[in-house]
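Visitor: I would like a close look at a single part of this model. Please keep it brisk, and stay with the helices and what they touch.

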Amino acid sequence: MADNPFNNTERAFALKSNTDLKKSHFIFKMMDKPWLVNFGSKATVLALNLNLPIKGLIKSTIFEQFCGGTTEDECMPLVEKMYSKGVSSILDYSVEGKEEEAEFDKVVDKKIQLIKKASTSEALSFEVVKPTGIGRFHIWQKVTEKQPLTSQEQAEWERIQQRVDLISKTAAQYDVALLYDGEESWMQDAADDLIRDMMLRYNKDKAIIYNTVQCYRHDRLEYIKNLHEDATQNNFIVGAKIVRGAYMEKERERAAEMGYQSPICINKKATDAMFNDVMQFILDRLDRIKLCIGTHNEHSTLLAMDILKEKGIPANHNDVWFGQLYGMSDNLTYNLAHKGHNTFKILPFGPIKDVMPYLIRRAQENTSVAGQMGRELLLIKEEMKRRGI
């Protein structure tokens with residue numbers, strides 16, 4: 001793999017000081033131990049709930065590794081620093097697990113502020129919204145399962161639809177592309193349908209609204225084919241962000257408990273094939289579908305680069321973006337940017353206590369991805385060796 005462009009650690013870690021690098025090494029070493037992640041997650045939540053003075057420790061370790069700051073303004077020096085290397089950012093207000101209407105309205109206000117902020121900065125390429133961040137999971141689920149809603153729930157669903165429309169309309173007004181996150185399969189149909197309606201409304205000439213396609217689901221190639229046909233017939237542009245997926249254990253456990261067929265591909269090989277098939281299908285149809293490739297997988301990234309080259313599509317073509325999470329896979333992000341590809345980091349931020357559910361989910365996901373921590377550690381070690389530290 002000597003010719004692998006992603007092995008250049010000098011470029012990957014150019015923005016990290018020696019101290020930063022050592023800290024990352026320590027964090028990934030800890031995260032390579034699933035039992036420690038589980039224990040640490042529970043202990044951290046307990047300590048925060050008891051108001052023990054651990055915020056400083058969290059901030060200087062896992063928070064700084066995966067988050068940009070506690071406010072959007074605190075993130076901006078980092079945003080500019082990454083942009084100096086050709087890497088854009090998506091500011092993600094990563095507060096999860098709220099249930100009250102006032103909290104949902106607060107998230108909408110924050111997203112609108114962030115859309116306006118992104119419209120004034122070349123370094124901020126998109127904005128991102130989690131559907132359950134602006135409406136109760138229970139309501140999304142009932143609509144997906146086509147269960148009758150009470151009059152109160154119907155009013156709640158209408159408010160969710162209004163919030164989605166308001167954020168989408170604002171994104172269209174300010175010409176900022178908007179990525180809707182994918183979530184659990186048992187609430188996703190309602191989100192898919194609503195986001196499709198937003199595409200029909202706001203994606204007439206370009207992709208403003210993007211839906212996330214979680215390719216660990218074995219029905220997603222069929223989903224994207226149907227969406228493409230729908231868009232062709234009804235004359236709108238599809239925005240698709242493809243990822244492997246984030247809720248695998250939860251999906252399998254629920255399917256086993258409730259006795260239905262798991263929606264998840266049978267194994268990693270099948271997931272990889274699904275991801276690559278969906279990616280190939282879209283790259284063959286860029287006239288109608290615009291693509292964000294959200295992956296930490298080197299093979300899929302190299303495949304995408306090869307397809308673009310074969311098709312004679314320039315690296316910086318605005319219809320194709322590559323994205324990774326902040327704090328991970330810097331070898332992909334910075335080496336892609338160096339080759340002229342459109343790249344972004346998703347940069348989470350928010351109050352430390354409120355962002356903890358996101359960080360815990362991130363840590364647990366990473367420990368469940370075979371080889372992910374080992375790869376991060378290997379690259380960091382190589383760079384430390386190169387620097388002689």
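Which residue follows α8, and what is the sign of its phi?

Guide: The model is a predicted one. Directly after α8 comes D175, with a positive phi near 55°.

Start with α8 itself. Helix α8 covers residues 151–174, a run of 24 residues. From first C-alpha to last, α8 reaches 35 Å. The span expected at 1.5 Å a residue is 34 Å, so the two values are close.

Now its buried side. The buried residues of α8 are E153, E156, W157, I160, R163, V164, D165, I167, S168, T170 and A171. These buried residues have several partners. Among the helices, they pack against α6, α7 and α9. Among the strands, they pack against β2 (126–129), β3 (177–180) and β4 (209–214).

Take α6 next. It spans residues 101–118. Helix α6 has 18 residues and reaches 26 Å between its end C-alpha atoms, close to the expected 26 Å. Buried in α6 are F104, V107, V108, K110, K111, I112, L114, I115 and A118. They pack against α8, and also against α5 (72–83), β1 (87–93), β2, β3 and β8 (343–349). Strands β2 and β3 thus appear for the buried residues of α6 and for those of α8.

One residue of α6 deserves a separate word. K116 sits in this helix. Its relative accessible area is 39%, so K116 counts as partly exposed. The C-alpha atom of K116 lies 21 Å from that of C292, 176 residues away along the chain.

Move on to α7 and α9, two other partners of α8. Helix α7 covers residues 137–144, and its axis comes within 7 Å of that of α9. The axes cross at roughly 80°. That angle makes α7 roughly perpendicular to α9. From α7, the contact uses F137, W140, Q141, V143 and T144. From α9, it uses S185, W186, M187, Q188, D189, A190, A191 and L194. By class, this contact has eight nonpolar residues, four polar and one charged.

Helix α9 also meets α10. Here α9 runs over residues 185–202 and α10 over residues 220–234. The axes are 11 Å apart, at an angle of about 30°. Angles under 35 degrees count as roughly parallel, so α9 is roughly parallel to α10. The crossing is right-handed. On the α9 side, D192, R196, M199 and L200 make the contact. On the α10 side, R220, Y223, L227, D230 and N234 do so. Sorted by class, the contact of α9 with α10 holds four nonpolar, one polar and four charged residues.

Back to positive phi, where the question began. N235 lies in the loop between α10 and β5 (238–243). It is not a glycine, yet its phi is positive, about 55°. With 48% relative accessibility, N235 counts as partly exposed. S329 is another non-glycine residue with positive phi, about 50°. It sits in the loop between β7 (320–325) and α14 (330–338). S329 has a relative accessible area of 2%, so it is buried.

How values were computed
Residues numbered from 1 in each chain as written. Predicted model: local features only at pLDDT ≥ 70, side-chain atom pairs only at ≥ 80, totals over all residues. Heavy atoms only, no water. Axes fitted to C-alpha atoms, helices over the stretch in contact; angles between N-to-C directions. Helix = DSSP H or I, 4+ residues; strand = E, 2+ residues; numbered from the N terminus. Parallel < 35°, antiparallel > 145°, perpendicular 65-115°, else oblique. Left-handed = near helix turned anticlockwise from the far one by under 90°. Contact = heavy atoms within 4.5 Å. Nonpolar A, V, L, I, M, F, W, Y, C, P; charged D, E, K, R; others polar. Buried < 20%, exposed > 50% of the residue type's maximum accessible area, 1.4 Å probe, protein only.
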